[in-house]
Amino acid sequence: MNDDDRGERAHSDWVGQPHPADEPEPITQAEAAAEELKSEDHPLGKPGRRFDRYSPFMVGLTATAGALVTLGTVRFVLAAREVLLLLVAGLFLAIGMEPLISWLVRHRVRRGWAVTLVVVVGLAAVAGFLAAAVPPLIDQGRALVDHAPDQLHRLQDQYPPVRSLAQRFRLDEKLQHGLDSLGGGAGTGGALASGVMGAGKMVFGAISATVIVAVLTIYFSATFPMLRAGIYRLFPHERRPRAILIGDAIFAKVGGYVLGNLLISAITAVLTFVWLAVFDVPFALLLAVLVAVLDLIPLVGSTVAGIIITVVALTVSLPVSLATLGFFLVLRVVEDYLLVPPIMGRTVQVPGLVTVVATLLGGALLGVIGALLAIPAAAAILLLVQELLFPRLDQPRPARTAR
């Protein structure tokens, strides 16, 4: 077989037809050589020799490309911040669902059916809660907005310290301004319509974000094994086993934290609702849902929820308010020492100072999602530091010999 015949065989039937008869000789020779490189194991040929990464040209090219990539990445993250937050939230929930899905798979349930079962049960629970709780939540929310000024005046009449604080910080004006911004106390039809439109946009945005996160969570959960394998494929061959061990440990920490945090928040909300209903504190269901949402935020959330509900309980009586404050203190002890150890176990081990700093930084950078991600992210970073950085720093360096 001559070079022309081999060049014809190497030339793809789907590219550059018709094949030119007067093709340059160097290209014909290269196509003949390409035909010889093909094999069953490597239909596109074996990879060639690597470039010299330490040559002046490659060093300069790498530095320039690195600067451009860094600049482009920063601009991309800033421009697509909201979309990236939705992606992170979907991946975060998918990792949280992974322990349940993997448990079902280990008990001989196909992954597709396991994902479907977990998603259906989760959606059914959410739908059932919304169907049962949304009507009273709307009624209690409307009542809270309508009677908020009266409740504040009542507190001022009953407790002189509250009156002095209200006058000092102008709580009446700030409360009325907040109600006007919601459209509840607008004096004109235009302001009311503006408030309704603003509320409509917020509801539409929340529903859209929820649907997007739900779809992303299902997609990430269904393809998680391939996603995991793709991530580990990026590591070099000699480092891949170690990366698998550390990566799976991080996934386990995040998954355990998500499931445990959701379960603890639900238990806290139920206990809060029972306490408020027993003492006839107004807006019991609304406040219990608020506790469930805020308790997802480490440290800060439960503290804020306790302060808010203690103030609301003050509208019943001072003894009930003090008892509610004591209830939240006891509930915090129960959560930290009775609920967290058996539910989360040793999944997430983060010192208290690191927890506070990580939560504050996460909330300042990414809002509520950042605060939720702060603890598992801090746990992952600590794990990487303990497994990679500390052993390297602890190794003594060989002494330099004098020349």
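This text walks through a predicted model of one protein chain, from its overall make-up to its packed interior.

The chain has 14 helices and zero strands. Read from the N terminus, the order of elements is therefore simply one α after another, since helices and strands are the elements being numbered. Of the 403 residues, 29% count as buried. The accessible surface of the chain comes to about 27,100 Å², and carbon and sulfur atoms account for 69% of that area.

How do parts of the chain that are far apart in sequence meet? Among the contacts with a separation of 6 or more, 65% are between residues 24 or more positions apart.

The interior can be followed through its nonpolar cores. The largest nonpolar core has 17 residues, and within this core F92, I250, V254 and V350 touch the most other members. Three helices each supply at least two residues of this core: helix 4 (81-106), helix 10 (240-278) and helix 14 (352-394). Helix 14 gives the most, with eight residues. I250 shows some of the packing in detail: leaving aside residues up to four places away in sequence, I250 touches A380, L383 and L384. A second core, separate from the largest one, has 15 residues, including L276, F283, A284 and A313.

Aromatic rings are the next feature to look for. The whole structure contains five aromatic pairs. In the pair of F327 and F328, the ring centres are 5.5 Å apart and the planes stand at 80°, so this pair is edge-to-face. The cut-off behind that label is an angle over 60 degrees between the planes. Both F327 and F328 are buried. These two residues also belong to one aromatic cluster, together with W275 and F279.

The last step is to set the model beside a database record. An unreviewed UniProt entry lists residues 57-78, 84-105, 112-134, 202-222, 273-297, 304-333 and 353-385 under "transmembrane region". Two of these spans can be described from the model. Which share of residues 84-105 is helix? In the model, residues 84-105 are 100% helix and 0% strand, with 30 Å between the end C-alpha atoms. Residues 273-297 are 72% helix and 0% strand, and the end C-alpha atoms of this span lie 19 Å apart.

Definitions and conventions. Residues are numbered from 1 along each chain as its sequence is written. This is a predicted model: local features need pLDDT of at least 70, side-chain atom pairs count only at pLDDT 80 or more; totals for chains, interfaces and linings use all residues. Side-chain values use heavy atoms; hydrogens and water are left out. Helices (H or I, at least four residues) and strands (E, at least two) are DSSP runs, numbered from the N terminus. Buried means under 20% relative accessible area, exposed over 50%, partly exposed in between (1.4 Å probe, protein chains only). Contact means heavy atoms within 4.5 Å. Accessible areas come from the Shrake-Rupley method with a 1.4 Å probe; for residues, only the protein chains shown count as cover. Rings of Phe, Tyr and Trp (its six-membered ring) pair if their centres lie within 6.5 Å; planes under 30 degrees apart count as stacked, over 60 as edge-to-face and the rest as tilted. A nonpolar core is a set of buried Ala, Val, Leu, Ile, Met, Phe, Trp, Tyr and Cys residues joined through side-chain atoms within 4.5 Å. UniProt positions are given in the numbering used here, feature names are shortened, and annotations may be inferred rather than shown by experiment.
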